[in-house]
Amino acid sequence: MIGAACLLASALAIAGCSGGPSAQDSPPEITALITTEQDAGLQEFYDDFAEETSYSFDPTTSEVNALVEQLRIQINSGTAPDVLRASLGSLTVGVLPLADEGALADLTSEPWVDRVPESYRGLLQSDDKIWAYPTSGQAIVMFYNKPVFERVGVTPPSTWSEFLQVCQDLKDAGTTPIAQGLGTPAMVQFIPYMLAATLVSAENPDIDEQMRAGDTSFVDDPGWNDVFTKYVELIDLGYITPDAIGVTLDGAMQQTAAGEAAMVPLVSSNSPVLLDYFEDRADVGVFALPATDDPDDTHIPLSPELLALNAEAKNPDGAKAWFEFLSDPQRAAEYADRTNTLPVLEGVTPVQSELGDVLKPFLTEQRFTPFVNHRWVNGDTQAALLQNGPLLASHEITIPELLAAMDSAYQLG
């Protein structure tokens, strides 16, 4: 695979085809605006890419929130770089909104497109065109303290009934089963999104089209009702941090590392922070949260990070060569490993790690779905969950009231 990509890039460089550089020219520069996390995963490729293709990759890096604002300004002013870190969903710098306004170039004919999983195409595609390259994916999974599990005599569950029993055994042993810090509102999403991957997205792959058409709603959908019924069950049984509203995400991770709690739900890219709290990183385990009593039903929420091509790029051929270079299976696996994410292109085997080993079957069998919010028609729906989810957790509102609030927000789109 590497050889084929190199031969193509070399042929372009030697022949000067499609705008490629000649041997006498200084290497044409590919400009980019990417996150600091993406840069950390890509840095070791820069020299090899320049050597193999005679292009140079020169990124500007930024923290993700600042990048969103910066990118919007650059697109509006016509100063955006060749390669852009695009977002998912309905943000103004989301890949599909950017494509709709004509800010992105079509990548449909690129050689890696056939390896984009079908479940992701709706996130990257409009008008039968693909608008972004998926570098890797972030998964939401359950991390656990192995010594605590061993002390209590429990093992990672593969069914919902087993999960409830593990929680009860941990509680009986005097340990909080699941650490949750609702002082960081984003954390209220993690357990529902894990459950929804199985109970909503996998159970009814057409739900987003049905929601947009008005044929169903959060209130009416049995899957969403089941998601929050199970979430409230965990709270009512005392399996989640008491008074979680007074605990932050960081505090929840520290509780887990200290053995005060046994498990913590996290986005996989946050796991380096968790690992730093453990004296021995080998004490951290991971498993996919089951939602039914059939292990084969379990899906994981896995959403990709994206790079897109500016429609007004000064070096579009170099940018396309960069995407092809990254799509090599070995490089794609190495990038995912460095960024604590997972490869998403088909044909890429994760580098051996705790996370990769546990989730490899889900990737191989394509038992994964995008984070549910990445398919919602607006950001208001997620905001309604962030606002009302903690109220549900503290029994200040009911499940129907939460789902009705999400419906009201969704209809704004």
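In β9, Gly285 is the bridge partner of Tyr144. This pair belongs to the antiparallel pairing of β6 with strand β9 (residues 284-287), which spans four bridges. Here strands are DSSP E runs of at least two residues and helices are H or I runs of at least four, numbered from the N terminus; two strands pair if DSSP finds at least two bridges between them.

The model is predicted: local features need pLDDT of at least 70 and side-chain atom pairs count only at pLDDT 80 or more, while totals for chains, interfaces and linings use all residues. Residues are numbered from 1 along each chain as its sequence is written, and side-chain values use heavy atoms, leaving out hydrogens and water.

β6 has further partners, listed here with one residue pair for each.

| Partner of β6 | Bridges, sense | Residue pair |
|---|---|---|
| β10 | six, antiparallel | Tyr133 and Leu307 |
| β8 (residues 261-267) | five, antiparallel | Met142 and Pro265 |

How many of the 13 residues of β6 are buried (under 20% relative accessible area, 1.4 Å probe, protein chains only)? The count is 13 of 13.

β6 (133-145) and β10 (300-309) also each supply at least two residues to the lining of the largest pocket. That pocket holds about 1400 Å³ of space. Among its 44 lining residues, Val64, Arg85, Gln138, Glu305 and His374 are the closest to its centre. A pocket is an open set of points on a 1 Å grid over the protein atoms alone where a 1.4 Å probe fits, with protein on both sides within 12 Å along at least five of seven lines; lining residues have an atom within 4 Å of a point. Its volume is the space filled by probe spheres set on the points, which are joined across faces, edges and corners.

How values were computed:
Buried means under 20% relative accessible area, exposed over 50%, partly exposed in between (1.4 Å probe, protein chains only).
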